[in-house]
Amino acid sequence: MDKLNFAIVGCGRIAERHAEQIARLATLTAVCDINEERANKFGDKYGCKVYYSIEELLLNEKDIDVVSICSPNGLHAEQSIKVFRAGFHVLCEKPMAITVFDCGEMIKEAERANKRLFIVKQNRYNPPIQAVKEVLDENRLGKVFSIQLNCFWNRNPEYYTQSEWKGTKNLDGGTLFTQFSHFIDLLYWLFGDVKNVEAATRNFMHDQIIDFEDAGVVIVEFYNGIIGTINYNVNSYAKNMEGSLTIFGESGTVKIGGQYLNELEYQNIKDYKITNLPAGNPPNNYGQYVGSMSNHNRVYENVIEVLVNQGIIATNGFEGLKTVEIIDKIYTAANKRN
Ligand SMILES: NC(=O)c1ccc[n+]([C@@H]2O[C@H](COP(=O)([O-])OP(=O)(O)OC[C@H]3O[C@@H](n4cnc5c(N)ncnc54)[C@H](O)[C@@H]3O)[C@@H](O)[C@H]2O)c1
């Protein structure tokens, strides 16, 4: 079979990771960005067609297989829906959208168009996460009682002031959407759906800079009885400090840590030891700030496996919706308190 044809919508930072993988595994047919300079840069680098609006791209390009949505969070839903209506598959960056309603509409349109919806959640591929998922699936920790998720990163004022959309309510949505939706996805993936939350949020260091919280503490209660806490902020002094998940089960305790859930920091499991973890990829490094582990290679390999070999989607629209629903529950609980 010929290589799949991709288009990218939004030629910013993360689009670089997408373009690299498309160039490796498929064909980058076209890109679009409302910022002409950014779109042209991609066009020059990858020798693809350039458009300055998604409408123009969808009107002119008929041989695309997949459109990768790399635009600000608040545009993911309307742009994905346009792509489905044009008859193409969608690979959507995280978070899937910033409202539960929008996620539902995206799933509905994908079904109507009979096209596939892939969500980027590349942290699932971090080697310690994969190992712990296996340990949980094999029931090696016995009954899991409680968990602790810590997300302690740094985002300085310039991170927001230099961006057209980060920190805005309507295009970013909140710190849990842009910085920590990967982490919330992992809770859902490892422990299932969340029943109840209690939460308190504050903006301590980014007053007048962002429209929402820069810190939050959350109590979570899962449907299966597990209880846990999430302590998150972007105020860790001067640099990212920690992204960690600790799991307490009846026959084992495990802590995945490092700055972005990239190291197995502690394990004490009855009659078992996780060994030979592969090194894993480095984080996405944007110069001024550092993000999650760069596993877009695995994301694209999955898209191609699904579309070419009838594989199974690594993160589908339903799971993307669940992450947004959990974040929505947290913000709703916090708003009641504020
Ligand atoms: N998976 C990850 O680890 C990861 C990492 C970073 C960002 N992201 C996600 O990727 C998305 C983009 O983030 P970024 O950091 O690359 O942002 P960015 O600001 O660097 O890039 C976004 C681009 O979209 C363009 N854009 C805005 N409106 C548009 C429109 N209507 N049509 C077409 N293009 C438009 C902007 O001009 C900009 O070039 C966000 O949803 C973000 O949450 C994911």
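## Around the ligand

How do the residues of the shell around the ligand divide into nonpolar, polar and charged? In this predicted model, the split is 11 nonpolar, 11 polar and 5 charged. That adds up to a shell of 27 residues around the ligand, and the closest are Gly10, Gly12, Arg13, Ile14 and Glu93.

Two elements each give two or more residues to this shell: helix α1 (13–25) and strand β15 (290–293). The largest share comes from α1, with 3 residues. As for where the ligand sits, domain 1 (5–122) and domain 2 (124–290 + 316–337) both give residues to the shell, so the ligand lies between them.

## Two domains and where they touch

Let's step back to the chain as a whole. It is divided into domain 1, covering 5–122, and domain 2, which is made of 124–290 plus 316–337. Measure from one C-alpha centre to the other and you get 26 Å between the two domains. Where they meet, 21 residues of domain 1 are in contact with 24 residues of domain 2.

On the domain 1 side of that contact, the elements giving two or more residues are α1, α5 (100–113) and β6 (117–119). Helix α5 gives the most, with 6 residues. Sorted by class, this side of domain 1 has 13 nonpolar, 4 polar and 4 charged residues. Note that α1 turns up twice: it gives residues to the ligand shell and also to the side of domain 1 that touches domain 2.

## Helix against helix: α5 and α11

Packed helices get a simple description: the angle between their axes and the distance between the axes. For α5 and α11 (residues 317–337), the angle is about 170° and the axes are 9 Å apart. Angles over 145 degrees count as roughly antiparallel, and α5 and α11 are therefore roughly antiparallel to each other.

Which residues make the contact? From α5 come Val100, Cys103, Gly104, Met106, Ile107 and Ala110. From α11 come Gly317, Phe318, Gly320, Leu321, Val324, Glu325 and Asp328. By class, the contact has 8 nonpolar, 3 polar and 2 charged residues.

## The six-stranded sheet

There is also an open sheet of 6 strands, and if you walk across it the order is β3-β2-β1-β4-β5-β6, with parallel pairing. The edges belong to β3 (49–51) and β6; each has a single partner strand, so one side of each is left without a neighbour in the sheet. From one strand to the next, the twist averages 20°.

At the β3 edge, 3 bridges join β2 (residues 27–32) to β3, and the two run parallel. One pairing you can pick out is Ala30 with its bridge partner in β3, Lys49. Helix α1 comes in here too: α1 lies across β1 (5–9), β2 and β4 (66–69), running at about 170° to β1.

## Two backbone oddities

As a rule, most residues other than glycine have a negative phi, and most peptide bonds are trans. Two spots in this chain go the other way.

What is the peptide bond from Lys94 to Pro95, cis or trans? It is cis, with omega near -15°. Pro95 lies in the loop between β5 (89–92) and α5.

The other spot is Leu261, a residue other than glycine whose phi is positive, near 55°. You will find Leu261 in the loop between β12 (252–257) and β13 (263–269).

Definitions and conventions
Residues are numbered from 1 along each chain as its sequence is written. This is a predicted model: local features need pLDDT of at least 70, side-chain atom pairs count only at pLDDT 80 or more; totals for chains, interfaces and linings use all residues. A residue is near a molecule or strand if its C-beta atom, placed from the backbone, lies within 6 Å of it. Helices (H or I, at least four residues) and strands (E, at least two) are DSSP runs, numbered from the N terminus. Ala, Val, Leu, Ile, Met, Phe, Trp, Tyr, Cys and Pro count as nonpolar, Asp, Glu, Lys and Arg as charged, and the others, Gly among them, as polar. Domain bounds come from an automatic or database domain assignment. Two residues are in contact if their C-beta atoms, placed from the backbone, lie within 7 Å. Two strands pair if DSSP finds at least two bridges between them. Axes are lines fitted to C-alpha atoms, for helices over the stretch in contact, and angles run from 0 to 180 degrees between N-to-C directions. Angles under 35 degrees count as roughly parallel, over 145 as roughly antiparallel, 65 to 115 as roughly perpendicular and the rest as oblique.
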